[in-house]
Amino acid sequence: SSAFLLALQPSIFGESAYAFAGIFILLVLCAATVFFAWYMLHRRLGFAALPSVALGFLVSLIEVQWMPDCAQGVYWFNGAGNYTFFYGVLLVLAVACTSVGFGNNYKNDNASKNTLQGINWCKFIVKIVLTAILAFILSGGNHVTAFLGFLMVLGIVVYGFWFKKMPLFAGNILPLIASAFGLVLNFKAPGTAVRQAQFASSGMSFAKTIVNSTFHGFENADGWFSIPLFLGLLIAFPVFYNGAKALADSSKCKFNRPLLVVVLALAWPCLMHCPPFYAMGHQGDGRLLNVVYFSIVMLAFVQEFYICGYIASRTSISLDGMAEKLMPKSKLWFVFAVLFALFSFFCFCGRKTHGFTAFRCIANGIARQYDAEADARDKTALASAGEDVVFEPFSVYPGLLYLMDLSVREDDWPNNDYAKYYSLKSVKLSAPAKGWEF
């Protein structure tokens with residue numbers, strides 16, 4: 001499924017169509033995140049629709065603007081399509097698995113939701129088949145989301161069996177089989193063997209994989225817990241607390257396992273590091289770290305919600321009227337406080353957003369200059385078939401667009417591939433480019 005998606009990159013319809021690559025990836029990431037928030041909070045937990053969608057957009061904002069590597073996570077379609085896209089599929093699969101077990105699958109609303117009696121079998125089977133297809137598609141993506149997708153479905157099946165929720169258990173057996181089958185096909189594929197041969201001497205043992213994955217999982221969680229994420233959690237707190245309190249007061253949720261939720265949330269990014277450490281001996285490139293970052297951000301909000309529920313179920317604290325009590329008496333001081341907060345936010349982290357960086361690249365002409373130089377190099381290469389070509393390095397390297405350049409040695413793999421594509425005898429740079437160290 002990954003190879004199929006990457007074969008459909010927009011530039012096959014013309015080089016100018018590549019602009020839609022980033023738009024497509026951003027739409028998938030944001031749509032999947034908002035859909036996940038809307039379904040879990042509104043449809044399953046009874047939150048109002050608008051706050052649920054707003055929280056989805058808030059999480060999307062933090063994911064998009066502060067992801068570790070925007071070039072590999074959005075602009076480079078092969079990297080973004082293989083990782084960012086399939087992270088979105090993982091979120092949709094989580095919704096599908098939940099819908100199979102907890103969705104409106106019964107003919108009678110008064111039927112017990114923990115048994116298969118009275119279930120609408122036609123609707124139930126359709127959901128199972130669609131979820132299984134989605135699980136199979138996810139297993140054909142990158143190894144990290146494929147592996148975590150399998151563990152997620154397995155965890156849902158175990159949860160359904162342990163707590164005797166038969167629709168959840170029985171409804172996810174086929175998706176679990178589909179995920180496992182696709183994962184085996186992915187691991188055993190000839191292309192996987194060819195790629196893995198390049199890292200035959202780099203992989204780690206099982207014990208070293210666990211140790212390094214754990215350390216890097218915690219280190220990345222610590223490094224990515226930034227001011228934007230903290231402010232996002234602060235904004236979400238009133239919505240989560242009021243919603244969790246309503247669930248606790250109605251006895252719909254007990255919130256009695258906060259330690260388990262925290263442990264699982266911390267273990268998740270550690271598990272995501274296992275495949276690259278085991279196969280390659282390192283934590284992976286920016287496109288993979290983006291997916292780990294997305295998960296850490298999402299799980300931070302999940303932990304906050306559950307902890308809010310734990311506190312609300314054991315105290316009588318209410319947020320009603322608190323906003324009025326905290327509001328400054330002077331409107332002038334309130335406006336000043338808001339402006340100061342916005343200015344401080346911009347100084348602390350606003351300038352680091354990928355949106356502001358993109359704006360500066362366009363405003364100062366760096367993106368246009370880079371585009372012009374790349375077009376000029378393309379025209380020269382097309383007109384130099386069969387010749388030895390030496391290019392000057394680019395004069396500018398916009399971080400959101402630049403991945404790597406050619407090198408000064410014509411036998412390096414980017415140079416060889418570039419020469420084959422343009423039917424050149426050889427190609428190299430006259431001087432080292434940014435990102436190359438020879």
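This dialogue discusses the overall fold of a predicted model and one of its helices.

Trainee: How many helices and strands are there in the chain?

Mentor: The chain of this predicted model contains 20 helices and two strands. Its C-alpha trace spans about 75 × 60 × 45 Å along the principal axes, and 45% of the 438 residues count as buried.

Trainee: What share of the contacts with a separation of 6 or more links residues 24 or more positions apart?

Mentor: Such residues account for 76% of those contacts. As for the accessible surface, the total is about 23,700 Å², and carbon and sulfur atoms contribute 68% of that area.

Trainee: How should one read the length of helix H15?

Mentor: The general idea is to compare the end-to-end distance with the span expected at 1.5 Å a residue. Helix H15, residues 286-312, reaches 39 Å from its first C-alpha to its last, close to the expected 39 Å.

Trainee: Is H15 mostly covered or mostly uncovered?

Mentor: Mostly covered: 23 of the 27 residues in H15 are buried. An α-helix has 3.6 residues a turn, so residues three or four places apart point the same way.

Trainee: Which side chain of opposite charge is nearest to Glu304?

Mentor: Glu304 lies in helix H15. A salt bridge requires a nitrogen-to-oxygen distance within 4 Å; the nearest side chain of opposite charge to Glu304 is Lys245, 16 Å away. Glu304 is thus buried without a salt bridge.

Trainee: Which residues is Glu304 in contact with, leaving aside neighbours within four places in sequence?

Mentor: They are Leu233, Leu234, Ala236, Phe237 and Phe240.

Trainee: How far apart are the centres of the positive and negative side chains?

Mentor: With 31 positive and 24 negative side chains in the chain, the two centres lie 17 Å apart.

Conventions
Residues numbered from 1 in each chain as written. Predicted model: local features only at pLDDT ≥ 70, side-chain atom pairs only at ≥ 80, totals over all residues. Heavy atoms only, no water. Helix = DSSP H or I, 4+ residues; strand = E, 2+ residues; numbered from the N terminus. Expected span 1.5 Å × (residues − 1). Buried < 20%, exposed > 50% of the residue type's maximum accessible area, 1.4 Å probe, protein only. Contact = heavy atoms within 4.5 Å. Areas by Shrake-Rupley, 256 points an atom, 1.4 Å probe, with all protein chains shown as cover. Lys, Arg positive; Asp, Glu negative; His and termini not counted. Charge placed at Lys NZ, Arg CZ, Asp CG, Glu CD.
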